[in-house]
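Reader: Before I rely on any label attached to this model, I would like to hear which criterion stands behind it. Could we go through the labels in turn?

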Amino acid sequence: MSFIRKRKHVQFKPEILEESTRYLQNPSCGWYHIYPFVIEEKPNFEELYWCLHAEESIALALIDIGAFREGEISGEALCNLADILDFFGKHNKEIILRITYDRDGRGMEHEPDFLQTVTEHMQQLGAVIRTHQEQIFVVQGMLVGSWGEMHDSKFLSEERLKQLMQVWREMLGNIPIAVRTPQQWRLLHSEKRAAFEDKTGLFNDGMFGSLDDLGTYGCQSKAESGWGGKWCREEEMEFTGSIASHVPYGGEAVGGSLKLSFQELVGEMRCTKVCYLNRAHDERRLQQWKETRCDERGIWEQKSVFDYIGCHLGYRLVVRNVRLDKKKELSLKICIENIGFSALRDDVEFGVIIEDRQCSVLPMQTCDIQPQESIEITAILPEDTLVSTGNVFLEMRRKRDRRQMFFANTPSEDGKVRLGTYIVS
(Lines give C-alpha, C1' and ligand atoms only; values in the text may rest on other atoms or scores of the structure.)
Protein backbone atom coordinates (compact mmCIF):
# COMPACT_ATOMS: atom_id res chain seq x y z
CA MET A 1 0.00 0.00 0.00
CA SER A 2 1.26 3.53 -0.69
CA PHE A 3 0.20 7.15 -0.32
CA ILE A 4 1.62 10.27 -2.00
CA ARG A 5 1.11 13.68 -0.42
CA LYS A 6 3.20 16.82 -0.05
CA ARG A 7 5.98 15.23 -2.10
CA LYS A 8 6.29 12.36 0.36
CA HIS A 9 5.86 8.78 -0.61
CA VAL A 10 4.70 6.61 2.29
CA GLN A 11 4.60 2.85 2.19
CA PHE A 12 3.03 0.74 4.92
CA LYS A 13 3.71 -2.94 5.48
CA PRO A 14 1.05 -4.45 7.78
CA GLU A 15 2.08 -6.91 10.47
CA ILE A 16 0.76 -10.45 10.22
CA LEU A 17 -1.89 -10.22 12.94
CA GLU A 18 -2.62 -13.43 14.77
CA GLU A 19 -4.67 -14.36 17.81
CA SER A 20 -2.84 -15.75 20.84
CA THR A 21 -4.02 -18.23 23.49
CA ARG A 22 -2.72 -16.10 26.36
CA TYR A 23 -4.87 -15.37 29.40
CA LEU A 24 -5.21 -11.59 29.54
CA GLN A 25 -5.23 -9.77 32.86
CA ASN A 26 -7.87 -7.30 31.76
CA PRO A 27 -10.07 -5.33 34.15
CA SER A 28 -13.72 -6.18 34.82
CA CYS A 29 -13.63 -9.81 33.67
CA GLY A 30 -12.01 -13.20 34.16
CA TRP A 31 -11.41 -15.71 36.92
CA TYR A 32 -11.80 -14.79 40.59
CA HIS A 33 -11.22 -16.25 44.05
CA ILE A 34 -13.33 -15.73 47.18
CA TYR A 35 -11.84 -13.92 50.19
CA PRO A 36 -14.04 -14.41 53.29
CA PHE A 37 -14.18 -11.92 56.17
CA VAL A 38 -16.02 -11.60 59.47
CA ILE A 39 -16.90 -7.93 59.70
CA GLU A 40 -16.29 -7.53 63.45
CA GLU A 41 -12.71 -8.84 63.13
CA LYS A 42 -9.87 -6.76 61.72
CA PRO A 43 -8.16 -8.74 58.93
CA ASN A 44 -4.46 -9.50 58.85
CA PHE A 45 -3.75 -7.62 55.64
CA GLU A 46 -0.09 -8.63 55.49
CA GLU A 47 -1.09 -12.28 55.44
CA LEU A 48 -3.95 -11.58 53.04
CA TYR A 49 -1.57 -9.95 50.58
CA TRP A 50 0.23 -13.27 50.04
CA CYS A 51 -3.10 -14.94 49.24
CA LEU A 52 -3.88 -12.63 46.33
CA HIS A 53 -3.73 -14.05 42.82
CA ALA A 54 -1.67 -11.64 40.74
CA GLU A 55 -3.13 -12.79 37.41
CA GLU A 56 -6.71 -11.99 38.47
CA SER A 57 -8.14 -8.48 38.19
CA ILE A 58 -11.28 -9.14 40.26
CA ALA A 59 -11.87 -10.62 43.72
CA LEU A 60 -15.00 -11.63 45.58
CA ALA A 61 -15.07 -10.19 49.10
CA LEU A 62 -17.53 -12.23 51.18
CA ILE A 63 -18.45 -10.25 54.30
CA ASP A 64 -20.15 -12.08 57.18
CA ILE A 65 -22.33 -9.71 59.26
CA GLY A 66 -24.14 -12.44 61.18
CA ALA A 67 -22.87 -11.16 64.54
CA PHE A 68 -25.16 -8.15 64.17
CA ARG A 69 -28.39 -9.92 63.22
CA GLU A 70 -30.16 -8.48 66.29
CA GLY A 71 -28.84 -4.92 66.31
CA GLU A 72 -26.97 -2.19 64.50
CA ILE A 73 -23.53 -2.77 63.05
CA SER A 74 -20.82 -1.24 65.21
CA GLY A 75 -18.67 1.65 64.02
CA GLU A 76 -15.55 -0.49 64.40
CA ALA A 77 -17.04 -3.16 62.13
CA LEU A 78 -17.91 -0.57 59.50
CA CYS A 79 -14.33 0.69 59.65
CA ASN A 80 -13.18 -2.88 59.04
CA LEU A 81 -15.37 -2.99 55.92
CA ALA A 82 -13.84 0.25 54.68
CA ASP A 83 -10.33 -1.13 55.28
CA ILE A 84 -11.17 -4.31 53.35
CA LEU A 85 -12.41 -2.33 50.36
CA ASP A 86 -9.35 -0.07 50.56
CA PHE A 87 -7.05 -3.11 50.58
CA PHE A 88 -8.40 -4.54 47.33
CA GLY A 89 -8.37 -1.12 45.69
CA LYS A 90 -4.74 -0.60 46.70
CA HIS A 91 -3.84 -3.85 44.96
CA ASN A 92 -5.81 -3.09 41.78
CA LYS A 93 -8.57 -5.63 42.37
CA GLU A 94 -12.10 -4.78 41.35
CA ILE A 95 -14.50 -6.14 43.94
CA ILE A 96 -17.43 -8.48 43.63
CA LEU A 97 -19.02 -7.70 46.98
CA ARG A 98 -21.34 -10.10 48.75
CA ILE A 99 -22.56 -9.37 52.28
CA THR A 100 -24.38 -12.08 54.17
CA TYR A 101 -25.69 -13.14 57.56
CA ASP A 102 -25.00 -16.81 56.79
CA ARG A 103 -22.08 -18.93 55.61
CA ASP A 104 -23.36 -22.31 56.77
CA GLY A 105 -26.40 -22.83 54.54
CA ARG A 106 -28.88 -21.87 57.28
CA GLY A 107 -30.19 -18.57 55.99
CA MET A 108 -33.48 -18.43 57.86
CA GLU A 109 -31.78 -19.25 61.16
CA HIS A 110 -29.00 -16.68 60.83
CA GLU A 111 -30.73 -13.71 59.21
CA PRO A 112 -32.65 -11.11 61.31
CA ASP A 113 -36.22 -11.69 62.40
CA PHE A 114 -37.47 -8.40 60.99
CA LEU A 115 -37.17 -6.78 57.58
CA GLN A 116 -36.51 -3.40 59.20
CA THR A 117 -33.27 -4.72 60.68
CA VAL A 118 -32.08 -5.74 57.22
CA THR A 119 -32.91 -2.36 55.69
CA GLU A 120 -31.20 -0.54 58.57
CA HIS A 121 -28.08 -2.63 57.95
CA MET A 122 -28.30 -1.77 54.26
CA GLN A 123 -28.28 1.91 55.15
CA GLN A 124 -25.24 1.50 57.39
CA LEU A 125 -23.30 -0.61 54.91
CA GLY A 126 -24.34 1.44 51.88
CA ALA A 127 -22.84 4.60 53.34
CA VAL A 128 -19.43 2.86 53.41
CA ILE A 129 -19.78 1.12 50.05
CA ARG A 130 -20.73 4.33 48.22
CA THR A 131 -17.41 5.93 49.20
CA HIS A 132 -15.64 3.07 47.38
CA GLN A 133 -17.92 2.82 44.35
CA GLU A 134 -15.08 3.11 41.82
CA GLN A 135 -13.65 -0.14 43.18
CA ILE A 136 -16.91 -2.12 43.19
CA PHE A 137 -17.49 -4.29 40.13
CA VAL A 138 -20.87 -5.63 41.25
CA VAL A 139 -22.74 -6.24 44.52
CA GLN A 140 -24.25 -9.73 44.68
CA GLY A 141 -27.48 -10.28 46.56
CA MET A 142 -29.35 -8.29 49.19
CA LEU A 143 -27.83 -9.69 52.41
CA VAL A 144 -30.47 -12.39 52.92
CA GLY A 145 -30.59 -16.13 52.34
CA SER A 146 -28.12 -18.97 52.70
CA TRP A 147 -24.61 -17.81 51.77
CA GLY A 148 -26.21 -14.52 50.71
CA GLU A 149 -27.56 -16.26 47.59
CA MET A 150 -31.17 -15.18 48.01
CA HIS A 151 -32.66 -18.59 48.76
CA ASP A 152 -33.80 -20.13 52.07
CA SER A 153 -35.01 -16.77 53.37
CA LYS A 154 -38.23 -15.36 54.76
CA PHE A 155 -37.71 -12.09 52.85
CA LEU A 156 -38.12 -13.29 49.26
CA SER A 157 -41.76 -12.52 48.53
CA GLU A 158 -42.32 -10.05 45.72
CA GLU A 159 -43.32 -7.29 48.15
CA ARG A 160 -40.32 -7.77 50.42
CA LEU A 161 -37.90 -8.13 47.51
CA LYS A 162 -39.05 -4.76 46.20
CA GLN A 163 -38.67 -3.17 49.62
CA LEU A 164 -35.14 -4.48 49.96
CA MET A 165 -34.18 -3.42 46.45
CA GLN A 166 -35.56 0.07 46.92
CA VAL A 167 -33.37 0.65 49.98
CA TRP A 168 -30.31 -1.09 48.50
CA ARG A 169 -30.56 0.88 45.27
CA GLU A 170 -30.96 4.18 47.13
CA MET A 171 -27.83 3.42 49.13
CA LEU A 172 -25.66 2.04 46.32
CA GLY A 173 -26.54 4.57 43.62
CA ASN A 174 -25.16 3.46 40.23
CA ILE A 175 -23.24 0.44 41.53
CA PRO A 176 -24.50 -2.70 39.72
CA ILE A 177 -26.59 -5.05 41.88
CA ALA A 178 -27.02 -8.71 40.90
CA VAL A 179 -29.89 -10.92 42.06
CA ARG A 180 -29.75 -14.69 42.08
CA THR A 181 -32.36 -15.80 39.53
CA PRO A 182 -34.05 -14.42 36.41
CA GLN A 183 -37.40 -14.87 38.15
CA GLN A 184 -36.29 -12.57 41.00
CA TRP A 185 -35.18 -10.00 38.41
CA ARG A 186 -38.60 -10.11 36.76
CA LEU A 187 -40.39 -9.73 40.11
CA LEU A 188 -38.45 -6.48 40.54
CA HIS A 189 -39.24 -5.16 37.05
CA SER A 190 -42.38 -4.81 35.00
CA GLU A 191 -42.47 -6.58 31.67
CA LYS A 192 -42.47 -3.30 29.77
CA ARG A 193 -39.38 -1.96 31.52
CA ALA A 194 -36.22 -2.18 29.42
CA ALA A 195 -33.28 -4.11 30.87
CA PHE A 196 -30.91 -1.17 30.54
CA GLU A 197 -32.99 1.29 32.57
CA ASP A 198 -31.24 0.35 35.81
CA LYS A 199 -28.07 -1.50 36.79
CA THR A 200 -29.70 -4.65 38.11
CA GLY A 201 -28.16 -7.85 36.81
CA LEU A 202 -27.88 -11.54 37.63
CA PHE A 203 -25.43 -13.97 39.15
CA ASN A 204 -25.58 -17.76 38.99
CA ASP A 205 -23.78 -19.98 41.49
CA GLY A 206 -25.43 -23.12 40.12
CA MET A 207 -24.13 -23.12 36.53
CA PHE A 208 -24.28 -26.57 34.90
CA GLY A 209 -25.15 -28.28 38.20
CA SER A 210 -28.33 -29.75 36.72
CA LEU A 211 -30.78 -29.17 33.90
CA ASP A 212 -32.30 -26.28 35.86
CA ASP A 213 -28.94 -25.04 37.27
CA LEU A 214 -29.91 -26.16 40.79
CA GLY A 215 -33.28 -24.42 40.79
CA THR A 216 -32.21 -21.32 38.87
CA TYR A 217 -34.57 -22.19 36.00
CA GLY A 218 -37.94 -23.90 35.73
CA CYS A 219 -39.42 -26.38 33.29
CA GLN A 220 -42.32 -24.42 31.77
CA SER A 221 -42.25 -21.96 28.91
CA LYS A 222 -42.77 -18.24 29.36
CA ALA A 223 -46.23 -18.64 27.83
CA GLU A 224 -47.14 -21.24 30.44
CA SER A 225 -45.64 -19.68 33.58
CA GLY A 226 -46.02 -15.96 32.80
CA TRP A 227 -43.69 -13.02 33.49
CA GLY A 228 -43.36 -13.74 37.20
CA GLY A 229 -42.69 -17.48 36.91
CA LYS A 230 -39.63 -19.61 36.20
CA TRP A 231 -39.04 -20.41 32.55
CA CYS A 232 -37.39 -23.38 30.88
CA ARG A 233 -33.62 -23.44 30.44
CA GLU A 234 -33.50 -22.23 26.83
CA GLU A 235 -35.76 -19.22 27.43
CA GLU A 236 -34.05 -18.30 30.70
CA MET A 237 -30.63 -18.37 29.05
CA GLU A 238 -31.84 -16.06 26.31
CA PHE A 239 -33.36 -13.75 28.94
CA THR A 240 -30.15 -13.82 30.98
CA GLY A 241 -28.16 -12.85 27.91
CA SER A 242 -30.39 -9.84 27.30
CA ILE A 243 -29.69 -8.62 30.86
CA ALA A 244 -25.98 -9.47 30.62
CA SER A 245 -25.65 -7.23 27.57
CA HIS A 246 -25.86 -4.31 30.01
CA VAL A 247 -24.79 -5.61 33.46
CA PRO A 248 -21.96 -8.12 34.14
CA TYR A 249 -23.06 -11.74 34.68
CA GLY A 250 -21.12 -14.60 36.24
CA GLY A 251 -20.85 -16.90 39.23
CA GLU A 252 -19.78 -20.49 39.83
CA ALA A 253 -19.74 -23.65 37.72
CA VAL A 254 -20.96 -26.68 39.65
CA GLY A 255 -20.28 -30.35 39.13
CA GLY A 256 -23.44 -32.36 38.61
CA SER A 257 -25.58 -34.39 36.28
CA LEU A 258 -25.63 -31.99 33.33
CA LYS A 259 -23.38 -33.20 30.49
CA LEU A 260 -22.59 -30.80 27.66
CA SER A 261 -20.29 -31.08 24.69
CA PHE A 262 -17.62 -28.42 24.18
CA GLN A 263 -19.75 -26.69 21.55
CA GLU A 264 -22.86 -26.78 23.77
CA LEU A 265 -20.91 -25.46 26.75
CA VAL A 266 -19.36 -22.59 24.83
CA GLY A 267 -22.69 -21.88 23.15
CA GLU A 268 -24.41 -21.47 26.52
CA MET A 269 -21.65 -19.21 27.81
CA ARG A 270 -21.90 -17.05 24.71
CA CYS A 271 -25.70 -16.98 24.98
CA THR A 272 -25.64 -15.84 28.63
CA LYS A 273 -22.56 -13.64 28.13
CA VAL A 274 -20.55 -14.97 31.06
CA CYS A 275 -18.13 -12.35 32.32
CA TYR A 276 -16.57 -13.85 35.47
CA LEU A 277 -16.24 -17.28 37.13
CA ASN A 278 -14.94 -18.70 40.40
CA ARG A 279 -11.56 -20.34 39.74
CA ALA A 280 -11.68 -22.61 42.79
CA HIS A 281 -15.26 -23.94 42.86
CA ASP A 282 -16.56 -26.49 42.00
CA GLU A 283 -13.35 -28.51 41.66
CA ARG A 284 -15.24 -31.45 40.13
CA ARG A 285 -16.43 -29.35 37.20
CA LEU A 286 -13.18 -27.39 36.84
CA GLN A 287 -11.10 -30.58 36.81
CA GLN A 288 -13.37 -32.00 34.11
CA TRP A 289 -12.70 -28.90 32.01
CA LYS A 290 -8.95 -29.18 32.61
CA GLU A 291 -8.94 -32.79 31.41
CA THR A 292 -11.08 -32.16 28.31
CA ARG A 293 -9.61 -30.88 25.03
CA CYS A 294 -11.25 -28.22 22.88
CA ASP A 295 -13.23 -29.52 19.93
CA GLU A 296 -12.17 -26.65 17.70
CA ARG A 297 -9.65 -26.33 14.91
CA GLY A 298 -7.00 -23.66 14.84
CA ILE A 299 -4.95 -22.25 17.69
CA TRP A 300 -7.28 -23.72 20.36
CA GLU A 301 -7.09 -27.26 19.08
CA GLN A 302 -5.96 -29.57 21.90
CA LYS A 303 -5.97 -26.75 24.44
CA SER A 304 -7.98 -27.50 27.57
CA VAL A 305 -11.59 -26.40 27.87
CA PHE A 306 -10.59 -24.73 31.14
CA ASP A 307 -8.03 -22.54 29.34
CA TYR A 308 -10.45 -21.73 26.53
CA ILE A 309 -13.18 -20.65 28.95
CA GLY A 310 -10.79 -18.59 31.07
CA CYS A 311 -9.48 -16.71 28.06
CA HIS A 312 -12.97 -15.88 26.79
CA LEU A 313 -14.64 -14.72 30.01
CA GLY A 314 -15.89 -11.19 29.43
CA TYR A 315 -14.48 -9.32 26.46
CA ARG A 316 -11.45 -10.38 24.39
CA LEU A 317 -10.39 -7.98 21.65
CA VAL A 318 -8.20 -8.97 18.75
CA VAL A 319 -6.94 -6.71 15.96
CA ARG A 320 -7.92 -8.46 12.75
CA ASN A 321 -6.44 -6.24 10.05
CA VAL A 322 -5.05 -2.79 9.31
CA ARG A 323 -4.77 -0.87 6.07
CA LEU A 324 -3.46 2.50 4.91
CA ASP A 325 -6.14 4.88 3.64
CA LYS A 326 -5.33 7.68 1.17
CA LYS A 327 -8.75 9.18 0.44
CA LYS A 328 -8.40 12.24 2.68
CA GLU A 329 -5.71 12.42 5.33
CA LEU A 330 -2.98 9.89 5.77
CA SER A 331 -4.64 7.37 8.10
CA LEU A 332 -4.86 3.78 9.22
CA LYS A 333 -8.10 1.84 9.22
CA ILE A 334 -7.98 -0.72 12.03
CA CYS A 335 -10.52 -3.54 12.42
CA ILE A 336 -11.01 -4.88 15.95
CA GLU A 337 -13.21 -7.86 16.87
CA ASN A 338 -14.56 -8.91 20.27
CA ILE A 339 -14.23 -12.71 20.45
CA GLY A 340 -15.06 -12.96 24.17
CA PHE A 341 -18.26 -14.24 25.76
CA SER A 342 -19.40 -10.78 26.88
CA ALA A 343 -19.33 -7.12 25.98
CA LEU A 344 -16.71 -4.44 26.53
CA ARG A 345 -18.76 -1.80 28.34
CA ASP A 346 -16.11 0.60 29.64
CA ASP A 347 -15.28 3.77 27.76
CA VAL A 348 -11.78 3.32 26.37
CA GLU A 349 -9.15 5.24 24.46
CA PHE A 350 -7.14 3.74 21.65
CA GLY A 351 -3.71 5.26 21.11
CA VAL A 352 -1.59 4.88 17.98
CA ILE A 353 2.12 5.07 18.73
CA ILE A 354 4.97 5.49 16.27
CA GLU A 355 8.02 4.06 18.00
CA ASP A 356 8.01 5.97 21.31
CA ARG A 357 5.89 8.94 20.22
CA GLN A 358 2.12 8.83 20.64
CA CYS A 359 0.76 10.55 17.58
CA SER A 360 -2.98 9.88 17.69
CA VAL A 361 -5.46 9.38 20.52
CA LEU A 362 -8.80 7.96 19.46
CA PRO A 363 -11.38 8.50 22.23
CA MET A 364 -14.39 6.19 22.26
CA GLN A 365 -16.97 7.93 24.41
CA THR A 366 -19.31 4.95 24.27
CA CYS A 367 -17.45 1.72 23.73
CA ASP A 368 -20.09 -1.00 23.79
CA ILE A 369 -18.58 -3.79 21.72
CA GLN A 370 -20.81 -6.83 22.05
CA PRO A 371 -19.43 -10.38 21.61
CA GLN A 372 -18.87 -11.45 18.02
CA GLU A 373 -19.03 -7.81 16.89
CA SER A 374 -16.34 -5.82 15.09
CA ILE A 375 -15.57 -2.11 14.93
CA GLU A 376 -13.31 -0.10 12.64
CA ILE A 377 -11.35 2.80 14.05
CA THR A 378 -9.45 5.45 12.08
CA ALA A 379 -6.05 6.73 13.16
CA ILE A 380 -4.72 9.87 11.51
CA LEU A 381 -0.98 9.80 10.84
CA PRO A 382 0.30 13.41 10.83
CA GLU A 383 3.13 13.56 8.33
CA ASP A 384 5.25 15.83 10.47
CA THR A 385 5.61 12.97 12.98
CA LEU A 386 6.94 10.53 10.40
CA VAL A 387 10.67 10.04 10.01
CA SER A 388 12.29 7.82 7.42
CA THR A 389 10.95 4.57 8.86
CA GLY A 390 9.30 3.28 12.01
CA ASN A 391 7.07 0.73 13.65
CA VAL A 392 3.43 1.55 14.42
CA PHE A 393 1.70 0.22 17.55
CA LEU A 394 -1.81 0.29 18.98
CA GLU A 395 -2.62 0.45 22.68
CA MET A 396 -5.87 0.59 24.65
CA ARG A 397 -6.59 2.18 28.04
CA ARG A 398 -9.70 2.47 30.15
CA LYS A 399 -10.80 6.06 30.08
CA ARG A 400 -11.82 6.51 33.72
CA ASP A 401 -8.55 5.38 35.32
CA ARG A 402 -6.07 5.09 32.42
CA ARG A 403 -5.60 1.41 33.19
CA GLN A 404 -4.00 -0.51 30.35
CA MET A 405 -6.13 -3.10 28.61
CA PHE A 406 -4.64 -5.89 26.53
CA PHE A 407 -5.38 -7.23 23.07
CA ALA A 408 -5.34 -10.96 22.29
CA ASN A 409 -2.81 -10.56 19.50
CA THR A 410 0.64 -12.05 19.22
CA PRO A 411 3.23 -10.74 19.13
CA SER A 412 2.70 -7.74 21.34
CA GLU A 413 5.10 -5.50 23.24
CA ASP A 414 4.26 -4.11 26.69
CA GLY A 415 0.58 -4.65 25.93
CA LYS A 416 0.78 -2.82 22.61
CA VAL A 417 0.01 -4.51 19.29
CA ARG A 418 2.47 -3.97 16.47
CA LEU A 419 0.36 -2.91 13.48
CA GLY A 420 3.15 -2.73 10.92
CA THR A 421 6.03 -0.63 9.57
CA TYR A 422 6.04 2.53 7.46
CA ILE A 423 8.74 3.83 5.13
CA VAL A 424 8.95 7.45 3.91
CA SER A 425 10.85 8.20 0.72
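Author: What follows sets values against definitions, beginning with the conventions.

Author: This is a predicted model, in which local features need pLDDT of at least 70 and side-chain atom pairs count only at pLDDT 80 or more, while totals for chains, interfaces and linings use all residues. Residues are numbered from 1 along each chain as its sequence is written, and side-chain values use heavy atoms, with hydrogens and water left out.

Reader: Why is cysteine 29 called buried or exposed?

Author: Buried means under 20% relative accessible area, exposed over 50%, and partly exposed in between, with a 1.4 Å probe and protein chains only. Cysteine 29 has a relative accessible area of 5%, so it is called buried, whereas cysteine 51, with 40%, is partly exposed. Arginine 397 is likewise partly exposed because its relative accessible area is 21%; this arginine 397 lies in strand β18 (residues 389-398), where strands (E, at least two residues) and helices (H or I, at least four) are DSSP runs numbered from the N terminus.

Reader: How do you know how many disulfides there are?

Author: A disulfide is a pair of cysteine sulfur atoms within 2.5 Å, and by this rule the count comes to 0. For cysteine 29, the closest cysteine sulfur is that of cysteine 275, at 5.6 Å, which is too far for a bond, and therefore this pair is not a disulfide.

Reader: What makes β10 enclosed by the rest of the structure?

Author: Of the 8 residues of β10, 8 are buried, and the strand is therefore described as largely enclosed by the rest of the structure. Strand β11 (residues 249-253) is mostly covered, with 5 of its 5 residues buried.

Reader: What makes β10 and β11 a pair?

Author: Two strands pair if DSSP finds at least two bridges between them. Strand β10 (residues 200-207) and β11 have 3 bridges in the parallel sense, and so satisfy that rule. Phenylalanine 203 has glycine 250 of β11 as its bridge partner, and asparagine 204 stands opposite glycine 251 in β11. On another side of the account, β10 is joined by 3 bridges to strand β9 (residues 177-179), running parallel, with valine 179 partnered by leucine 202 of β10. β11 is also joined by 3 bridges to strand β12 (residues 274-278), again parallel, and there glycine 250 has tyrosine 276 as its bridge partner.

Reader: Why is the β-α-β unit of β11, helix α9 and β12 called right-handed?

Author: A crossover is right-handed if, with the strands pointing away from the viewer, the path from the first strand over the helix to the second runs clockwise. The unit made by β11, helix α9 (residues 262-272) and β12 is assigned to that hand.

Reader: What makes a pocket, and which residues lie nearest the centre of the largest pocket?

Author: On a 1 Å grid over the protein atoms alone, a pocket is an open set of points where a 1.4 Å probe fits, with protein on both sides within 12 Å along at least five of seven lines, and lining residues have an atom within 4 Å of a point. The largest pocket is lined by 24 residues, of which Asn174, Pro176, Lys199, Asp346 and Arg400 lie nearest its centre. The second largest pocket is lined by 21 residues, with Trp147, Glu149, His151, Arg180 and Asp205 nearest its centre, and the elements that give two or more residues to this lining are β6 (58-64), α6 (182-187) and β10.
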